[in-house]
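Good morning. I will go through one structure today, a piece at a time, and you can follow along on the screen.

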Amino acid sequence: MLIVRKTGRVGVLASAIALGMICSDFAVLAQTDDPLAAPLESARRQRDPAQLESLRTQLQQRLSQNPNDAVSQYELATVESFLADVAEMRKDKKAAAAAVDNAVEAVQRSIQLNEKSADAHSLLADLYGRKIGLGGGMFLGPRFGPKIGEENKRAMALDDKNPRVWASTGRQYLMAPKTFGGDVSKAIDSFKKSLTLDPNQDETWVWLAKAYEKQSDKANARDAIQHALQLNPQSQWAQETSKSLEK
């Protein structure tokens, strides 16, 4: 489920985590009266640095007026995660790590304000995964790996019909070492379940392609990436994945 306002309104694959973490929540939020919803969805699709900086400033200003706004805290976390994407594309690991830390802080505040948000718990699980990728799995895996599982279990218990929850669970299965529960087949099943619930998630189609690629199933991987590109031709991550599948 999406977070609802109190007013009643509604490392090999580290770069993959960076570019493919957030799904199309804002496409739905854009149908509400939140004035930042449409720009947030645009930012998700394009990862435009100037737009992201502007959104961060606007959300910080909004939160300075009402720090107990769980939705804005969640939105700020997503913007910080997008800024981490930009930093990683620029190969600025230090800036990426700082943005991920900011995102973790914001989504934790969101959960403190609304601990029943499945979306927020899934986002936190993904962010913990990014910390492992950016910091070196050997050192941070034992610390954050269990937290990923805990957050995804909490999200699933809250809303097992949420496509984002299934996508995050799929990433957990895909990214974890086999000795710690990694399972590519379960990852594929989770991504498929997510896409059955919402077939318009371009980034989850890329994740599915990545999972098929890991199984050396390039035919299904190419099919999945074509779905992603049809939904979002602007996606740099989908474009790069498509090129890699042709090698």
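**Helices 10 and 11, and outward from there**

I start with one contact between two helices. From helix 10, the residues V184, I188, F191, K192, S194 and L195 meet T204, W205, W207, L208, A211, Y212 and K214 of helix 11. Sorted by class, the residues in this contact of helix 10 with helix 11 are nine nonpolar, two polar and two charged. Before I go on, please note that this is a predicted model.

How are these two helices placed? Helix 10 and helix 11 have axes 9 Å apart and pack at an angle of about 155°. Angles over 145 degrees count as roughly antiparallel, and therefore helix 10 and helix 11 are roughly antiparallel to each other. Their crossing is left-handed.

Now a step back to the whole chain. The protein chain has 13 helices and zero strands. If you read along the sequence, the pattern is α-α-α-α-α-α-α-α-α-α-α-α-α. The chain has 247 residues, and 52% of them count as buried. Its accessible surface is about 11300 Å², and carbon and sulfur atoms account for 52% of that surface.

Back to helix 10, because it has a second partner to discuss: helix 9. Helix 9 covers residues 163-175 and helix 10 covers residues 184-197; their axes come within 8 Å and cross at roughly 165°. Helix 9 and helix 10 are therefore roughly antiparallel to each other. Helix 9 passes helix 10 in a left-handed crossing. On the helix 9 side, the contact is made by P163, R164, W166, A167, T169, G170, R171, Y173 and L174. On the helix 10 side, V184, K186, A187, S190, F191, K193, S194 and L197 take part. By class, this contact of helix 9 with helix 10 holds nine nonpolar, four polar and four charged residues.

One residue is worth a stop here. S194 is in helix 10, and S194 appears in the contact with helix 9 as well as in the contact with helix 11. Is S194 buried or exposed? S194 has a relative accessible area of 0%, so S194 is buried. Leaving out residues up to four places away in sequence, S194 touches P163, R164, W166, A167, Q201 and T204.

Next, two more buried residues, in other helices. The first on my list is A77, in helix 5, which spans residues 70-89. A77 has a relative accessibility of 0% and so counts as buried. What does A77 touch, not counting residues up to four places away in sequence? The list is A103, A106, V107 and L123. A77 and R56 are 21 residues apart along the chain, and their C-alpha atoms are separated by 9.2 Å.

Then there is N152, in helix 8, residues 137-158. At 4% relative accessibility, N152 counts as buried, because the cut-off for buried is under 20%. Again not counting residues up to four places away in sequence, N152 touches S122, A125, S168, T169 and Q172. The C-alpha atoms of N152 and D126 are separated by 8.9 Å, and these two residues are 26 apart along the chain.

I also have a helix pair from earlier in the chain. Helix 3, residues 37-46, and helix 4, residues 49-65, have axes that come within 10 Å and cross at roughly 145°. Helix 3 passes helix 4 in a left-handed crossing. P39, L40, S42 and A43 of helix 3 make the contact with Q51, L52 and L55 of helix 4. The residues of that contact divide into five nonpolar, two polar and no charged.

Last, two loop residues with a backbone angle to look at. Most residues other than glycine have a negative phi. K91 is not a glycine, yet its phi is positive, near 60°. K91 sits in the loop between helix 5 and helix 6. With 76% relative accessibility, K91 counts as exposed. S216 is not a glycine either, and its phi is positive at about 65°. Where is S216 found? S216 is in the loop between helix 11, residues 202-214, and helix 12, residues 218-231. With 65% relative accessibility, S216 counts as exposed.

To close, I return to the helices at the start. Helix 10 is roughly antiparallel to helix 11, and helix 9 and helix 10 are roughly antiparallel to each other too. That is the end of my part.

Key: Residues numbered from 1 in each chain as written. Predicted model: local features only at pLDDT ≥ 70, side-chain atom pairs only at ≥ 80, totals over all residues. Heavy atoms only, no water. Helix = DSSP H or I, 4+ residues; strand = E, 2+ residues; numbered from the N terminus. Buried < 20%, exposed > 50% of the residue type's maximum accessible area, 1.4 Å probe, protein only. Areas by Shrake-Rupley, 256 points an atom, 1.4 Å probe, with all protein chains shown as cover. Axes fitted to C-alpha atoms, helices over the stretch in contact; angles between N-to-C directions. Parallel < 35°, antiparallel > 145°, perpendicular 65-115°, else oblique. Left-handed = near helix turned anticlockwise from the far one by under 90°. Contact = heavy atoms within 4.5 Å. Nonpolar A, V, L, I, M, F, W, Y, C, P; charged D, E, K, R; others polar.
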